[in-house]
Amino acid sequence: MIKTEKYDMIVVGTGAAGLFAALCMPEKYRILMITKDQAENSDSYLAQGGICMLKGPEDFDSYFEDTMRAGRYENKKESVRIMIEDSTEIIKELIQYGVEFDRCKDGSLEFTREGAHSTYRILHHEDVTGKEITSKLLAQVKKRKNIALKEYMRMVDLITEENRCFGIVAVDRDRQIHAFYGKDVVLATGGIGGLFSQSTNFPHITGDSFAIALKKGIELENIQYIQIHPTTLYSKRPGRRFLISESVRGEGAILLDKNGNRFVDELLPRDVVTVAIKKQMEKDQTDHVYLSLEHLTPEEIDRHFPNIEQRCLEEGYDIKKVPIPVVPAQHYLMGGIKSDTCGRTSMDCLFAVGETACNGVHGANRLASNSLLESLVFAKRAAAVITDRMNETEQKEVFVSEEAYQLQDEEAEQKKNRHLIMEEIKRRDEEFYVKWCNDEN
């Protein structure tokens with residue numbers, strides 16, 4: 001039997017975007033949040049570098065240009081403007097939720113810099129900013145009596161009729177099928193990193209929303225724009241690649257070839273640095289290059305990068321004494337389900353936020369530390385629209401046939417979804433597909 005429950009809003013995903021969308025809703029509404037894994041295991045949790053903030057009116061033009069230039073000027077200017085202008089208020093709200101950012105001795109916020117930024121405008125909490133933000137937001141969600149949180153619950157379909165979404169179909173770890181009805185559904189399921197053999201993402205982040213969107217005729221945009229992060233810790237072990245944050249280069253680390261020679265400006269945009277590393281590896285006939293922290297003092301490393309230092313030590317590298325072997329890996333999806341600046345998709349009552357959405361803010365290549373900010377800004381705007389229309393929306397019962405959800409083997413289903421997504425990437429951009437997607441699982 002299919003179990004049925006009704007809510008005002010359903011949020012799929014427990015990363016920064018999903019959590020913030022739920023927290024921005026009035027507490028009088030019943031909200032369901034589901035996630036495929038533990039609630040903590042989102043890619044937002046893994047973000048190391050930081051979150052951008054407009055430091056003042058004088059910084060606007062510079063921040064805007066940095067974002068546009070990194071995105072190859074394919075960004076939607078309105079989305080970029082909104083993200084930058086709303087950044088200060090978002091940071092204030094995070095601090096009110098208990099998020100702690102590193103501060104200078106005088107108590108003021110401490111800013112760092114990353115690649116393609118023309119100045120220091122990135123807030124951070126050591127080198128685990130995503131963990132700090134996501135854990136504090138999750139703690140707030142768990143306090144809300146109006147929010148139900150269900151872990152190990154996998155969305156397998158949307159409940160739709162006449163281009164309107166009425167809820168989701170999900171399966172728990174006991175393979176029980178659930179039909180969750182809601183006036184509005186928010187997709188915040190992250191990107192597609194789990195489809196690649198070399199990725200910084202959690203393996204369960206496998207683009208489920210995109211496969212469902214393709215099947216339902218929901219419009220996608222720029223799904224071929226896949227960002228490769230230039231520096232992840234080189235390892236022969238299978239599984240997720242550990243990110244060496246761009247802020248390490250922002251603080252002065254340099255990239256070296258096999259002979260110890262510097263070969264690129266480390267603060268160029270990610271795609272440019274990635275291509276330079278790839279060419280150097282081909283030239284040297286190696287499967288990695290090196291990232292040297294020789295210009296940083298031991299005290300600076302202890303203060304800014306304790307998590308990175310510890311992880312490298314586990315692999316046998318003391319970053320105070322030897323350079324880190326690094327290699328590019330899949331990191332982020334700039335495209336996704338097409339959405340406007342309030343998260344609305346081509347299907348009524350269906351919203352997309354965070355990495356799942358493509359509102360054009362990142363263009364063809366994301367500027368470092370814009371992801372957490374973008375997730376929060378547009379999640380809040382989506383929640384505002386949903387709140388405004390909630391009282392006007394009538395819930396309609398849509399029949400869900402149990403026969404329609406005879407579950408396949410999970411591995412077979414994942415392969416089917418992966419094939420659907422990769423074929424769509426290939427269809428949209430053959431050259432991009434050949435260049436970056438040859439090593440997917």
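I will walk through the nonpolar cores, helix 6, the largest cavity and one glycine of this predicted model.

On conventions, residues are numbered from 1 along each chain as its sequence is written. In this predicted model local features need pLDDT of at least 70 and side-chain atom pairs count only at pLDDT 80 or more, whereas totals for chains, interfaces and linings use all residues, and side-chain values use heavy atoms, with hydrogens and water left out.

Let me begin with the cores. A nonpolar core here is a set of buried Ala, Val, Leu, Ile, Met, Phe, Trp, Tyr and Cys residues joined through side-chain atoms within 4.5 Å, where buried means under 20% relative accessible area, with a 1.4 Å probe and protein chains only. The largest such core has 59 residues, and those with the most contacts inside it are Ile-51, Leu-94, Phe-101 and Leu-137. Its largest share, eleven residues, comes from helix 11 (residues 371-390); helices are DSSP runs of H or I with at least four residues, strands are runs of E with at least two, and both are numbered from the N terminus. Taking contact as heavy atoms within 4.5 Å, and not counting residues up to four places away in sequence, Ile-51 touches residues including Leu-94, Phe-101, Leu-372, Leu-373 and Leu-376. Apart from this core lies another, of 35 residues, among them Ile-10, Leu-158, Cys-165 and Ala-170.

Turning to helix 6 (residues 208-216), its buried residues are Asp-208, Ser-209, Phe-210, Ala-211, Ile-212 and Ala-213. The elements that cover them include strand 7 (153-160), strand 9 (177-187) and helix 12 (410-428). Just after the helix, Gly-217 takes a positive phi of about 75°.

Next, the cavities, each being a set of points on a 1 Å grid over the protein atoms alone where a 1.4 Å probe fits but cannot get out, with lining residues having an atom within 4 Å of a point. The largest cavity has a volume of about 80 Å³, the volume being the space filled by probe spheres set on the points, which are joined across faces, edges and corners. Its lining includes Asp-208, Ile-212 and Lys-215, and helix 12 gives the most to that lining, with four residues.

Finally, where is Gly-191 found? Gly-191 sits in the loop between strand 9 and helix 6, and it counts as buried because its relative accessibility is 0%. Gly-191 and Glu-355 are 164 residues apart in sequence, yet 5.6 Å apart in space, C-alpha to C-alpha.

Note on methods
Buried < 20%, exposed > 50% of the residue type's maximum accessible area, 1.4 Å probe, protein only. 1 Å grid on protein atoms, 1.4 Å probe; cavity = no way out; pocket = protein on both sides within 12 Å on 5 of 7 lines; lining within 4 Å.
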